[in-house]
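Biologist: Could you walk me through reading some helices and the symmetry here? I would like the general idea, then the case at hand.

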Protein chains: 2
Amino acid sequence: MSVAADHAERLIVVDWGTSNFRAFLVDIASGDILDSRRSASGLKALSQPEFPHYCASQTDDWRDGGRVPVYLAGMVGSARGWSEAPQLELPVSADDLADRVVAAPGLDNVWIVPGVKQVTADHVDVMRGEEVQAFGALALADPATRAAGVDCCLPGTHSKWARLEHGRMTAFTTLMTGELYHAVRFHTLPGEPARDEAPFDAAAFRLGLSRAEAAGGVMHALFEARSRHLYAGLAAGQVGSFLSGVLIGEEVRAMRGARPDITTVQLVGAETLRESYTLALEAAGLHVNAIDSDRATLAGVSAIAARHASRPT
Amino acid sequence: MSVAADHAERLIVVDWGTSNFRAFLVDIASGDILDSRRSASGLKALSQPEFPHYCASQTDDWRDGGRVPVYLAGMVGSARGWSEAPQLELPVSADDLADRVVAAPGLDNVWIVPGVKQVTADHVDVMRGEEVQAFGALALADPATRAAGVDCCLPGTHSKWARLEHGRMTAFTTLMTGELYHAVRFHTLPGEPARDEAPFDAAAFRLGLSRAEAAGGVMHALFEARSRHLYAGLAAGQVGSFLSGVLIGEEVRAMRGARPDITTVQLVGAETLRESYTLALEAAGLHVNAIDSDRATLAGVSAIAARHASRPT
């Protein structure tokens, strides 16, 4: 018999990505967060044998001798993580994910949520971690919205736009907005003035948004970080916000082209990203429903865990 | 009286960029290259006081006691180079460049060719080095082409598309294709399999070209380097060519959109770049007239030097 079938009153949700580890102790009945921990011990910081030890060190005092289950989502389930979980082919429901949860080797009652993939002649794409947030956003939507289907924008290193209808994810697209921002800012000449952190500059960000739509496209607009810094008054402290505007503007422009039917976006992200993405999405005429990414993660994993705990064993 | 007015029979042309130094000893009457030298001593490798010493070490034995003039083009004329030369506002002719050549401090009869810039509300752009190649391509064109005007594509770290008509450059657009390729290949997750050099793979390059046109745009297409490597048979050794196809495909797509009137492109580049760009431009239905970049540099600088040497002093 699975330990998960003990119907614990609490649940531990871990979002474990490339750069970060975030753990939440959740009261199942109320959904309240009883405690949480964060660190920079993402995949990049750990070698494979360290995963179970690190997980235990961060969760043991919450686990009531192992009775409280731990569910892990994110890149922790990739080949370079703790142990590889499958990526399920779309369409996928939250129940499908629950049915394919895998046990993490080395610790009892610790489970890795699968990722998803989409492989067609025209589109090849992969996701690990954002799928639980997308299903969380769906669970948090009002019944009418849920019935009509939702389009989630999940900004980040690899931004995801996911379509959910009738309880299933049916399509998604990854755009490497965040990772390109980092690569341009730290590894190109136009990014040089933005090497140091500077506060968000809304005017420079909006200028970047508009440049992403201009002749020459995103690869010219990025270069304008340099030419405008030299000759059009773009200050060093504005270059980062300008580059961010160009890349987020290109993301929104491209997805508007790919999905002209979208009118409302469920924007699932941390607060700082929600601010800039809301500006960009609204500038493109889209209605934005903002959802905190932690809240979406908890709602999604909780739904998956409930199904997993109640499954026949 | 300027030493340049001695009407030397020879001329030294130096293309001095961020990463490379290339010098050519040219016979003015025939245009023949009598000798040449190349090194990796670009701007990144030198501190400001080193420029005159390095230039002297590479050219002194060609200079006939200083009588043979040296013309420098490229980033050597930027604020981080030897000495800052102006960037002239478009429209600009080769004669305009010759009239604004500046003396390089510390050595006699060594001259820096100005760059160009375009500053309008809609477009801000800068160029240093490619302008001499564009004027060289114009000089090398047959009289009918020259009269009709030419569109040059000058691929590189910062690719330039330049329009020349009636002997003047009237517009240009920079796209940071080469620098983004490097940043993605060496500083992102999708680029990881391409960290090591691999031979050009035409099939992967063509796949990349087609993905640049697909839904989601260039920022999704770049991510497909990862998803296709995981799930669609893109081998590690093909990832670099795929990424190159995506970025060059995006460059051509963007410029086709900005300039739908272009039917023929003067492609000015080194041999390896000409191969991939010819594939991309022809796949987009453009006619390509390929010109070696060294030949274009020599033709352009020679025209500027002839005007400079003959100017009233």
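Biologist: How many of the 23 residues of helix 8 of chain A are buried?

Modeller: Buried means that 20 or more other C-beta atoms, placed from the backbone, lie within 10 Å of the residue's own. In helix 8 of chain A, 17 of the 23 residues are buried, so the rest of the structure largely encloses this helix. Helices here are DSSP runs of H or I, at least four residues, numbered from the N terminus. This is a predicted model, where local features need pLDDT of at least 70, side-chain atom pairs count only at pLDDT 80 or more, and totals for chains, interfaces and linings use all residues. Residues are numbered from 1 along each chain as its sequence is written, with chains lettered from A and ligands numbered from 1 in the order in which they are written.

Biologist: What span should helix 8 of chain A have?

Modeller: The expected span is 1.5 Å times one less than the number of residues. For residues 236-258 that gives 33 Å, and the end C-alpha atoms are 34 Å apart, which agrees.

Biologist: Where is the kink in helix 7 of chain B centred?

Modeller: A bend is the angle between axes fitted to the seven residues ending at a residue and the seven starting there. Helix 7 of chain B has a kink of about 35°, centred on B:Glu224. Of its 15 residues, 13 are buried. After this helix comes B:Gly233, with a positive phi near 75°.

Biologist: What turn lays chain B on chain A?

Modeller: Copies are superposed by least squares on C-alpha atoms of residues with pLDDT of at least 70 in both. A turn of 180° with a shift of 0.0 Å along the axis does it, at an RMSD of 0.0 Å. That is the relation of a two-fold axis. In chain B, the C-alpha of B:Ala183 is nearest the axis, 2.8 Å from it.

Definitions and conventions
Helices (H or I, at least four residues) and strands (E, at least two) are DSSP runs, numbered from the N terminus. A residue is buried if 20 or more other C-beta atoms lie within 10 Å of its own, exposed if 12 or fewer, and partly exposed in between; C-beta atoms are placed from the backbone.
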